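Please find below some notes on the nonpolar cores and the sheet, set out as numbered points. The sequence and structure come first.

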Amino acid sequence: MKSIRDYETVALDDENDAVVIIDQTLLPGKTELISLKTGEEIWNAIYLLKVRGAPAIGVTAAFGIYLLAKRIDTESFDVFYQEFRKQKEYLDSSRPTAVNLSWALRRMEQVCLANREKPVAEIKMLLKKEAVEIKEEDIRVCKAIGEHGLSLVKPGDGILTHCNAGQLAACKYGTATAPIYLGEERGYHFRVFADETRPLLQGARLTAYELYSSGVDVTLICDNMSGTVMQNGWVNAVFVGCDRVAANGDTANKIGTSVVAAVAKRYNIPVYICAPTATIDLSTPTGADITIEQRPAHEVTQMWYREPMAPEGVKVFNPAFDVTDHDLIAGIVTEYGVAREPYTESLREIFRRKEQG
């Protein structure tokens, strides 16, 4: 049986001018690779969650802006850069909360600006090189997060996770699932509980699917069952990903994460946020400063139902993310180690380690 981990979440098909992704809206029933060629197709794939997860979004954006830049037909840097900026800002508007999107696009833009004296054709090749490096870097980063995360648990532990911060959210290993996958390779035999993650069911459709197909002992639970499995003593640690970390350690992740963290605090279970440094935004002081994306009402009222399951016209509040306060978080696991309270200091130390290589 072919595992979902045998597929690439995001790939560059340079010969055919396309970003190739797994259409995650079709999982788990159908595994289909789709080619994104236009700016609109790339924008829609990100907005409609055909590709999702902070690292995977960043890689998709990097490949996408390279392909869009590749088609700009001019030898003038100023004309090239003007069109590049237009396409960059367009892609950046697709998901406001995920910092990796703007981070990857800014990184690609810096390649343009740092090489403005070079021929446009050479800049295009440098953009491709940078996009490929962003993907390869993501794989290295996720494995390092897995190693640091693995040091926080022991064989046989029960781990609860929310949403999907797995390989489907990155290029390999994932973030929150990286310790699980590395542990599986090393015989740790974790027992994993995956929240279904309403309203888009990423935990049910994606996390349970990829862990189960990889041979991990995973149990799917409804979101409102997390307190029960914790109360039963079945959970030793919570590992989740995130879309943005503020300077004080507040984190924005899929809606429902703050509830999991609050309940885990009640039962003295540590909550670990698995976050590449690209997801840490020291320019955002606290979680209150993070823009929270609002999603359409139909995702709650009818998306997964043959007929609408709510009264027509009822008001719907559907934020994509919530903010988990830093005092509910035991540690933020990065590729450079685990940051702990006070996060205003430890996160800066993480970046010092990054600068030192």
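1. A nonpolar core is taken here as a set of buried Ala, Val, Leu, Ile, Met, Phe, Trp, Tyr and Cys residues that are joined through side-chain atoms within 4.5 Å. Please bear in mind throughout that this is a predicted model.

2. The largest nonpolar core holds 42 residues, and the members that touch the most others are Val-10, Ile-21, Phe-80, Phe-84, Met-108, Cys-112 and Leu-127. Two or more residues are given to this core by each of strands S2 (18-22) and S3 (33-36) and of helices H1 (39-47), H2 (54-70), H3 (77-92), H4 (99-114) and H5 (120-150). The most comes from H2, which gives 11 residues. As general background, nonpolar side chains in soluble globular proteins tend to be buried together.

3. Phe-80 deserves a separate look: leaving aside residues up to four places away in sequence, Phe-80 touches Ala-69, Ile-72, Thr-74, Cys-112, Val-120, Ile-123, Lys-124 and Leu-127.

4. Apart from the largest core lies another one, made up of 26 residues, including Ala-264, Ile-332, Tyr-343 and Phe-351.

5. Turning to the sheet, 3 strands form an open arrangement in the order S1-S2-S3, with antiparallel pairing. Strand S1 (10-13) and S3 stand at the edges and have a single partner strand each, so one side of each is left without a neighbour in the sheet. Neighbouring strands of this sheet are turned against each other by 25 degrees on average, direction ignored.

6. Within the sheet, S2 and S3 pair in the antiparallel sense over 4 bridges, and Val-20 stands opposite Ser-35 in S3.

Note on methods:
Residues numbered from 1 in each chain as written. Predicted model: local features only at pLDDT ≥ 70, side-chain atom pairs only at ≥ 80, totals over all residues. Heavy atoms only, no water. Buried < 20%, exposed > 50% of the residue type's maximum accessible area, 1.4 Å probe, protein only. Contact = heavy atoms within 4.5 Å. Pairing = 2+ DSSP bridges. Axes fitted to C-alpha atoms, helices over the stretch in contact; angles between N-to-C directions.
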